Amino acid sequence: MYEERSNDSFIDMGKADRSVWLMKCSVVVAKSWKNQEDSSSDSLPVAKVVFSLDPLKPDEPQFTMEMVGSETESIPKSYTLNMFKDFVPMSVFSETSQGALAMEGKVEHKFDMKPHAENIEEYGRLCRERTNKSMIKNRQIQVIDNDRGVHMRPMPGMIGLISSNPKVLLYMDKKKPMPVKQSEVKRTRRDRGELEDIMFKLLERQPNWTLKQLVQETDQPAQFLKEILNELCVYNKRGANQGTYELKPEYKKYAEDTADE
């Protein structure tokens, strides 16, 4: 079955009713799977999902995931999958190199993953390593000897841009740039994994932060920060820390263990 699009091309709808699962995974897991895909021409399994059901609680199935393959030796192997049924309806599409589009199915279940309790320390170590790497500055300062001003000379085509009229230069010096309102400043999103590492670092340094403080500290868009905070933190709606975010218990455990060492 095909459905026509506005530009006279078609979408293959043959798998439109197929149920698919959507999982949000961490950066280290995604990179591991990508490395396995790039290093092998065969389509090999990258993980095993185990479904457990308690007869006394048939409405509360448990899902766990075990990593497989040689590329996973340096990362945690076991993960817990938290299933969500209340989410915005979504569908999965694919596109070939020739531009052919196909609908691969409808998302039936959505999962978030987190390391097992016994792997939380190892996962925290990986996050700290990524944070430290992201803080390393790669810029270098080079001293130019015996330059005699060659690099300070105007480039060809720039001579006409320099005015010999001192009044023009005086006017240009007095002209001040228009102030930019804080709300108009466009912030560039960091890599998601890099920002998660920075958030772990900040929340280890100080347990409670407001959204405004984190926006100023990370220079990231507020909406993007909220997405990260919803995954890593809980929001305090009342009490002494009302209006602030703090790490979820499963992430806070590693931070406390590290502080005790």
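**Cysteines**

I began with Cys-233, which is buried at a relative accessible area of 6%. I then turned to Cys-25, which is partly exposed, with a relative accessible area of 29%. This is a predicted model, and my search of the whole structure for disulfides returned zero.

**Strands 4, 5 and 6**

I next looked up the strand pairing, and noted that strand 4 (residues 47-54) and strand 5 (residues 57-67) run antiparallel to each other and share seven bridges. The connection between strand 4 and strand 5 is a hairpin of two residues, and within this pairing I found Val-50 opposite Thr-64 of strand 5. Strand 5 also pairs with strand 6 (residues 78-84), again in the antiparallel sense, through four bridges. I recorded Leu-81 of strand 6 as the bridge partner of Phe-63.

**Aromatic pairs**

I followed Phe-63 further, into the list of aromatic pairs, of which there are five. Trp-21 and Phe-63 make an edge-to-face pair, with 5.5 Å from centre to centre and 85° between the planes. Trp-21 belongs to strand 3 (residues 19-24) and Phe-63 to strand 5, so this pair ties together parts that lie 42 residues apart in sequence. I checked the accessibility of both rings: Trp-21 is partly exposed at 49%, while Phe-63 is buried at 6%.

Phe-63 also pairs with Phe-51, and here I noted a tilted arrangement, 5.2 Å centre to centre with 50° between the planes. Phe-51 lies in strand 4 and Phe-63 in strand 5, so the parts tied together by this pair are 12 residues apart in sequence. When I asked which residues form one aromatic cluster, I found Trp-21, Phe-51, Phe-63 and Phe-111.

**Lys-110**

I then looked up Lys-110, which is in strand 8 (residues 101-115). Is Lys-110 buried or exposed? I noted a relative accessible area of 19%, and because the cut-off for buried is under 20%, Lys-110 counts as buried. Setting aside residues up to four places away in sequence, I listed its contacts as Leu-22, Lys-24, Asn-82, Met-83, Phe-84, Phe-87 and Met-90. The side chain of Lys-110 also meets that of Asp-112 in a salt bridge, at 3.6 Å from N to O. I noted the total for the structure as eight salt bridges.

**Asp-219 and the way into helix 6**

Before turning to helix 6, I stopped at Asp-219, which sits in the loop between helix 5 (211-218) and helix 6. Its phi is near 55°, a positive value in a residue other than glycine. I kept in mind that most residues other than glycine have a negative phi. Asp-219 is partly exposed, at 44% relative accessibility.

**Helix 6**

In helix 6 I found Phe-224, Leu-225, Ile-228, Leu-229, Glu-231 and Leu-232 buried. Viewed down the axis of helix 6, these buried residues fall within an arc of 160°, so they line one face of the helix. On the face turned away from that buried side I noted the exposed residues Gln-223 and Asn-230.

**Salt bridges between helix 4 and helix 6**

I looked more carefully at Glu-227, which is placed in helix 6 (residues 222-232) and is partly exposed, with a relative accessible area of 30%. Apart from its neighbours within four places in sequence, I found Glu-227 in contact with Arg-189 and Arg-192.

With Arg-192 the contact of Glu-227 is also a salt bridge, the closest N and O atoms being 3.6 Å apart. This pair links distant parts of the chain, with Glu-227 in helix 6 and Arg-192 in helix 4 (residues 192-205), 35 residues apart. Arg-192 is itself partly exposed, with a relative accessible area of 28%.

Arg-192 forms a salt bridge with Glu-231 as well, and there I noted 2.7 Å between the closest N and O atoms. That pair again links distant parts of the chain, Arg-192 in helix 4 and Glu-231 in helix 6 being 39 residues apart. I also noted that Glu-231 is buried, with a relative accessible area of 18%.

Which residues are linked with Arg-192 in a network of salt bridges? I found Lys-24, Glu-227 and Glu-231 joined with Arg-192 in that network.

Technical notes:
Residues numbered from 1 in each chain as written. Predicted model: local features only at pLDDT ≥ 70, side-chain atom pairs only at ≥ 80, totals over all residues. Heavy atoms only, no water. Contact = heavy atoms within 4.5 Å. Buried < 20%, exposed > 50% of the residue type's maximum accessible area, 1.4 Å probe, protein only. Disulfide = S-S within 2.5 Å. Pairing = 2+ DSSP bridges. Arc of directions from axis to C-beta. Phe/Tyr/Trp six-rings, centres within 6.5 Å; stacked < 30°, edge-to-face > 60°. Salt bridge = Lys/Arg side-chain N within 4 Å of Asp/Glu carboxyl O.
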